[in-house]
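These are my notebook entries from a first reading of a structure that was new to me. I kept them in the order in which I looked things up.

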Amino acid sequence: LRAGEKAMSLATFLDSASYLKAGIDVLRDGHWKEHYDLSLQLYSLYAEVEYCNGHFHEVGRVAGIVIKQATVFENKLRVYVTLIKTLAGRSMLQDAINLGMIVLTKLGVECPSPLLPKDIVKRDMMEVKVILEKTTDAEFLSYREMTDTNMIAAMKFLQILLPSSFFLAKQQYFPIIVTQMIQLTLLHGTCKESCVAIAGLSFLLCEYEEFKASDHIGRLAILLLQKLKAEEYLPTVYVLYFTGVRCWTMHVALSFKDMLHGYKMGMKIGDIESAMYNASSYLMNSFYSGRSLVHLKRELDNFERHMFEYKQIVQGRLASVIHQVVSNLVNSKDSLSLVVSQNMEQEGILAQAIKGNNDSFICHVCILGGIEAYIFGRYELAADVVSKRREAEKKLQRKLFFYGMTDFYDGLIFLAMAHKIPDAKWGLLVGKAISKLEHFVQIGTANCEHRLLLLQAEAKSLLGDTKDASRDYDLAIAAAEKHRFIHEHAIAN
């Protein structure tokens, strides 16, 4: 057991599994009665390590033994956590959420069923937002700590459900879980899992463009993380705050170090799921911010391989999509296989994503596919992909704005269509994209200034205002160079 724990702490999961399996194998008949605590620790940790190794079938077998042999419900909680993470890793998202809800009910926490309407969910979210928005750092850090063991366990399970409820597909659960966790925090006190809930609320508020409150609440999550020394939740908090919130107000590249730290910490502590979310966020934002495609391709080779090795299928598929676009751009290969079929037998990746009914993944594919189609001059196809993304976005709790990048490329695509087809709708869509960028540039100049200037230049050029257009092109080029968006500097040229 001690050797397994030590190997686990060093992230040598295969060694840890071999030590723990050896310990289990030498237990004699009747060990659950004679050595209950030792058996429980060995089996529970072994299940966790095999989850890290991606041996999901073994996790199910071992967890089943613990659930059968444990004498009290509290002793089963640890393997229930591992089972939920395993189900999520296998993309069995609804099963993961259903199991979590069963456990929560036994702990005395009832989640609403059927799910509440969106307006009620938003109202509840805004109520807790107002409370936290008015709370100073000192006041928040002086909150009492949670002592009710059932509530602490419930918070743990609610936290485990968050990735499945948002980052994958079942987004409708995410705001409900976040709000419930914060309500439990305000009622019973803070615990380590409160860091994740508060970071989750910070993340969600960006959808309603509550950026000032979002950043304040996100920083509260970081402060609580530090106060409670909750390193086990650092990867989750980092991906929510540094990827989802801080990039709105600061240059996206300034968060790369934090994303990679979240990845490394997740791998170190065995939180493979959150580690890979940090990694995929790093890869996506690296591409969108214009990092060297040659260097990025090498990183994609490494991360994509690790994601599939650790059975993080959805994140691996997303990395594969980014990898394919990067490879096509590096090789100037106009294949566009994300959004079109390559032959009669092979569907395009977008068609496969739509069949899979994962709206978040559909939107990611559409964003990447739309950019690729635009760069290769396939404007009708790019416009069609934007339409498909917007249809999928209707089902999301938070749209994938990417700090103005999505609206920027939408605007470029609509402008290209306006040049080709004299239809007033393209001009209206361009105007909406520019309006959004005008708003976003007030929040974070570094990510949006050059994008707004370029759209304005293109719009003026479309209307024949060549003098002002030329001035805005020069300003866009200068701003892109200043903020180090080299790829969009090239587009402006």
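Before starting, I wrote down the cut-off I would need: a residue is called buried when its relative accessible area is under 20%, exposed when that value is over 50%, and partly exposed in between. I also noted that this is a predicted model.

**Entry on Ala492.** I looked up Ala492 and found it in helix α27, which covers residues 486-492. Its relative accessible area is 9%, and because buried means under 20%, Ala492 counts as buried. Leaving aside the neighbours within four places in sequence, I listed Leu454, Tyr473, Ala476 and Ile477 as the residues in contact with Ala492. I then checked Ala492 against Gly411, and the two are 81 residues apart in sequence, while their C-alpha atoms are 13 Å apart in space.

**Entry on the largest pocket.** I turned next to the largest pocket, for which the computed volume is about 630 Å³. Of the 22 residues that line this pocket, I noted Glu48, Val81, Lys85, Glu232 and Ile269 as the closest to its centre. I sorted the lining by class and recorded eight nonpolar, six polar and eight charged residues. Which helices supply at least two residues each to the lining of the largest pocket? I wrote down α1 (2-9), α4 (36-52), α6 (77-89), α10 (149-168), α16 (256-269) and α17 (272-288).

**Entry on α1.** Since α1 was on that list of lining helices, I looked at how its residues are placed. I found Gly4, Ala7 and Met8 of α1 to be buried. They cover an arc of only 105 degrees around the axis, and therefore they sit on the same side of α1. On the face turned away from that buried side, I noted the exposed residues Arg2 and Lys6. The packing partners of the buried residues of α1 are α2 (13-25), α4 and α16. After α1 comes Ala11, for which I recorded a positive phi, near 65 degrees.

**Entry on Ser255.** I looked up Ser255 and placed it in the loop between α15 (246-249) and α16. Is Ser255 buried or exposed? Its relative accessibility is 0%, so I entered Ser255 as buried. Apart from the neighbours within four places in sequence, Ser255 is in contact with Phe242, Arg246 and Cys247.

**Entry on the nonpolar core.** I then looked for the largest nonpolar core and found that it has 178 residues. Those with the most contacts inside this core are Leu104, Phe157, Leu201, Leu283, Phe287, Tyr288 and Ile322. I followed up Leu283, and with the neighbours within four places in sequence left aside, its contacts are Leu296, Glu299, Leu300, Phe303, Met307, Ala319 and Ile322.

**Entry on α20.** For helix α20, residues 349-356, I noted that Ile349, Leu350 and Ala353 are buried. Seen down the axis of α20, these buried residues fall within an arc of 100 degrees, so they line one face of the helix. Among the elements that cover them I recorded α19 (313-330), α21 (359-375) and α22 (379-393). The residue that follows α20 is Asn357, whose phi is positive, near 60 degrees.

**Entry on Glu393.** I found Glu393 in helix α22. With a relative accessible area of 8%, Glu393 is buried, and outside its neighbours within four places in sequence it is in contact with Cys363, Lys399 and Leu400.

**Entry on two lysines in loops.** I looked up Lys229, which lies in the loop between α13 (211-227) and α14 (234-244), and its phi is near 50 degrees, a positive value in a residue other than glycine. The relative accessible area of Lys229 is 65%, so I entered this residue as exposed. Lys311 I placed in the loop between α18 (293-309) and α19, and phi of Lys311 is positive as well, near 60 degrees. At 32% relative accessibility, Lys311 counts as partly exposed.

**Entry on Thr105.** My last entry concerns Thr105, which is found in helix α7, residues 93-106. I recorded a relative accessibility of 38%, so Thr105 counts as partly exposed. Along the chain, Thr105 and His188 are 83 residues apart, and their C-alpha atoms are separated by 18 Å.

Definitions and conventions: Residues are numbered from 1 along each chain as its sequence is written. This is a predicted model: local features need pLDDT of at least 70, side-chain atom pairs count only at pLDDT 80 or more; totals for chains, interfaces and linings use all residues. Side-chain values use heavy atoms; hydrogens and water are left out. On a 1 Å grid over the protein atoms alone, a cavity is a set of points where a 1.4 Å probe fits but cannot get out, and a pocket is an open set with protein on both sides within 12 Å along at least five of seven lines; lining residues have an atom within 4 Å of a point. Grid points are joined across faces, edges and corners, and a volume is the space filled by probe spheres set on the points. Helices (H or I, at least four residues) and strands (E, at least two) are DSSP runs, numbered from the N terminus. Ala, Val, Leu, Ile, Met, Phe, Trp, Tyr, Cys and Pro count as nonpolar, Asp, Glu, Lys and Arg as charged, and the others, Gly among them, as polar. Buried means under 20% relative accessible area, exposed over 50%, partly exposed in between (1.4 Å probe, protein chains only). The arc is that of the directions from the helix axis to the C-beta atoms. Contact means heavy atoms within 4.5 Å. A nonpolar core is a set of buried Ala, Val, Leu, Ile, Met, Phe, Trp, Tyr and Cys residues joined through side-chain atoms within 4.5 Å.
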